[in-house]
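This briefing looks at charged side-chain pairs and at how accessible their members are. Please keep the sequence and the structure in view while reading.

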Amino acid sequence: MEVKDLKVSIAPQEVLELVWQQINNAISAQFLDKYIQETEQGTVAMGLFEKYYVRSSNRATLTVLATDFDGVTHVHLAAGGGGQGAIFRFDWGAGEDFVELAEDTLRQYMLE
C-alpha cells in the first residue's frame, strides 16, 4: 500500500476531476465511485479509481480523499490491491505508480 498527503490550492471536487482526466488516458482505468458532501464547515470529496497493471497482472485501486475544512484543500491518496499472492502481496510498484500519477497531476496546485 502506498499513501501520500498533499495540500493544494484547488477545490476538493476539482481534485477528483483532474485526477480522473489524467487516469482516464489509460485504456484499463475506471472511475468506480465518488462521494461529495458539502457542509457549512467545508466539502468532502472522495473518489475511488481502478487501473489494470500488466507487470503485476492485477488491478490496483486509488482512493482520493479531499477536504477543505480549514480553508486549504487537504488531499489523501491511498493505493492498494495491486499485489499478487495471499501472503506477500508484492505489487511490483503498481501502488506507488498510481499514487505518483495522481501526485504529478496535482503538482502545479501543491502548496508548501
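A salt bridge is taken here as a side-chain nitrogen of Lys or Arg lying within 4 Å of a carboxyl oxygen of Asp or Glu. The model is a predicted one, and by this rule the count in it comes to 4 salt bridges. Three pairs are described below, including the contact distance for each.

**Arginine 59 and glutamate 50**
- Arginine 59 pairs with glutamate 50, and their closest N and O atoms are 3.7 Å apart, which satisfies the criterion because the cut-off is 4 Å.
- Glutamate 50 has a relative accessibility of 14% and therefore counts as buried, whereas arginine 59, at 36%, counts as partly exposed.

**Lysine 7 and glutamate 112**
- A salt bridge joins lysine 7 to glutamate 112, with 3.2 Å between the closest N and O atoms.
- Because lysine 7 lies in strand 1 (residues 2-8) and glutamate 112 in the segment after helix 2 (94-106), this pair ties together parts that are 105 residues apart in sequence.
- Lysine 7 is partly exposed at 29% relative accessibility, while glutamate 112 reaches 87% and so counts as exposed.

**Aspartate 104 and arginine 107**
- The side chains of aspartate 104 and arginine 107 form a salt bridge, with an N to O distance of 2.7 Å.
- Aspartate 104 is partly exposed, its relative accessibility being 47%, and arginine 107 is likewise partly exposed, with a relative accessible area of 43%.

Methods:
Residues are numbered from 1 along each chain as its sequence is written. This is a predicted model: local features need pLDDT of at least 70, side-chain atom pairs count only at pLDDT 80 or more; totals for chains, interfaces and linings use all residues. Side-chain values use heavy atoms; hydrogens and water are left out. Helices (H or I, at least four residues) and strands (E, at least two) are DSSP runs, numbered from the N terminus. Buried means under 20% relative accessible area, exposed over 50%, partly exposed in between (1.4 Å probe, protein chains only).
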